[in-house]
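Colleague: I would like to go through this model with you and ask how each label was earned. Shall we begin?

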Amino acid sequence: MMVCKKVEEKGVTTYNEVADELVQHVVAERKKEDPSSKFDEKNIRRRVYDALNVLMAMDIITKEKKAISWKGLPTSAHADLDMLQREKEYLQQEVEVKKEALRELLVQQVCFRNLVAHNYERPVSAEEQKKDHKIPLPFIVVNTNSSAVIQCNMSRDLTDVMFDFSQPFEINDDNTILKRLGMQKTTRETLEEMLPDDLLAYAEQQGMLKSILENSPPKTTESSSSARGSKGDAKRDFLNGNVSAGQASSYI
């Protein structure tokens, strides 16, 4: 520790300078305790040399030829900076994941609204009304070649289903099916009715509306406002499971 303090005080020094001063200091201190004692200066110089090597290994000092320069004690600043950088990158990734989830939810809500509107506008025969079949959400559609052999096993508690296909197959959820049917498009006027102002502003700022906004300008007639009101009621019926299979099955 004495060697470290001595080099720090001088900034730039040499081995001989540090050793000479420390030998004088140690001898003076020891003589105060025991004036008759003798000291091995070579041993003190050897310990100074060993201490300087340790300081160089720790990158506290540097040596160029005979000159020894003080760099500074190691700190945790670099480690803290690296940790903060990693934390920042992790949080940025989490934000992107949340943005993608929000984007998918916006598309899903637009698809549901358009499906409800389509089903209410579609004429339903009396026979279809009597059946009153419903397709619950969410659902998945599994399709494969008509000649494929399919084995299906279900757990006893009916929570797990295992399929084994003899040929390649494809699985799509309800969101994918609705998007393939082109139901993910809407007008800005409709979005303004669907979303709170702050959410709409944030979604627009983050570029989340490009994939769902129609190219054509929105209509602002009184008749269209009435239609939008009925679509809002239809959406509630649809999400509550009050839409018949005759209405839903035309697109799903």
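Modeller: Gladly. Arginine 103 is partly exposed, at a relative accessible area of 22%. Keep in mind that the model is predicted.

Colleague: Why is arginine 103 called partly exposed?

Modeller: Buried means under 20% and exposed means over 50%. Arginine 103 has 22%, so the label is partly exposed.

Colleague: What makes arginine 103 and glutamate 100 a salt bridge?

Modeller: The cut-off is 4 Å between a side-chain nitrogen and a carboxyl oxygen. Here the N to O distance is 2.5 Å, so the pair qualifies. Both residues lie in helix α4, 3 residues apart, about one turn of the helix. Glutamate 100 is partly exposed, with a relative accessible area of 38%.

Colleague: Why does the pair of glutamate 96 and lysine 99 count as a salt bridge?

Modeller: Their closest N and O atoms are 3.7 Å apart. The limit is 4 Å, therefore the pair counts. These two are also 3 residues apart in helix α4, which spans residues 77–121, and about one helical turn separates them.

Colleague: Are glutamate 96 and lysine 99 buried or partly exposed?

Modeller: One of each. Glutamate 96 has 47% relative accessibility and counts as partly exposed. Lysine 99 has 16%, which is under 20%, so lysine 99 counts as buried.

Colleague: What does the salt bridge between lysine 179 and glutamate 104 tie together?

Modeller: First the distance: the closest N and O atoms are 3.5 Å apart. Lysine 179 lies in helix α6 (residues 174–180) and glutamate 104 in helix α4, so the pair ties together parts that are 75 residues apart in sequence. Lysine 179 is partly exposed at 30%, and glutamate 104 is partly exposed at 34%.

Colleague: How many salt bridges does the rule give?

Modeller: The count comes to 7. There is also a network of salt bridges, which links Arg188, Glu192 and Glu204.

Colleague: Let us turn to the rings. What makes phenylalanine 165 and phenylalanine 169 a stacked pair?

Modeller: A search of the whole structure finds 2 aromatic pairs. In the pair of phenylalanine 165 and phenylalanine 169, the centres are 4.1 Å apart and the planes differ by 20 degrees. Pairing needs centres within 6.5 Å, and stacking needs planes under 30 degrees apart, so both tests are met. Phe163, Phe165 and Phe169 form one aromatic cluster.

Colleague: Why is phenylalanine 165 called buried?

Modeller: Phenylalanine 165 has 14% relative accessibility, under the 20% limit, so the label is buried. Phenylalanine 169, at 44%, counts as partly exposed.

Colleague: Which residues form the nonpolar patch on the surface?

Modeller: Ile150, Met154, Leu158, Val161 and Phe163, with about 500 Å² of accessible area together. Strands β5 (150–154) and β6 (161–165) each supply at least two residues of the patch.

Colleague: What makes methionine 154 eligible for a patch?

Modeller: Patch residues need over 30% relative accessible area and no salt bridge. Methionine 154 has 49%, so the area test is passed. Methionine 154 is in strand β5.

Colleague: How do you know that leucine 191 is buried?

Modeller: Leucine 191 has a relative accessible area of 1%, and buried means under 20%, so the label follows. Leucine 191 sits in helix α7 (residues 188–194). Leaving out residues up to four places away in sequence, leucine 191 touches Val110, Thr186, Leu200, Leu209, Ile212 and Leu213. Leucine 209 is 18 residues away in sequence, and the C-alpha atoms are 9.2 Å apart.

Colleague: And the cysteines: how many disulfides does a search of the whole structure find?

Modeller: The search finds 0. Cysteine 111 counts as buried at 1% relative accessibility. Cysteine 152 is partly exposed at 44%.

Colleague: What about the whole chain?

Modeller: The protein chain has 10 helices and 7 strands. Buried residues make up 26% of its 252 residues. The chain exposes about 17,600 Å², and carbon and sulfur atoms supply 51% of that. Among contacts between residues at least 6 apart in sequence, 67% join residues at least 24 apart.

Definitions and conventions:
Residues numbered from 1 in each chain as written. Predicted model: local features only at pLDDT ≥ 70, side-chain atom pairs only at ≥ 80, totals over all residues. Heavy atoms only, no water. Patch = residues over 30% accessible without salt bridge, like charges linked within 9 Å, V, L, I, M, F, W, Y side chains within 5 Å. Areas by Shrake-Rupley, 256 points an atom, 1.4 Å probe, with all protein chains shown as cover. Helix = DSSP H or I, 4+ residues; strand = E, 2+ residues; numbered from the N terminus. Buried < 20%, exposed > 50% of the residue type's maximum accessible area, 1.4 Å probe, protein only. Disulfide = S-S within 2.5 Å. Contact = heavy atoms within 4.5 Å. Phe/Tyr/Trp six-rings, centres within 6.5 Å; stacked < 30°, edge-to-face > 60°.
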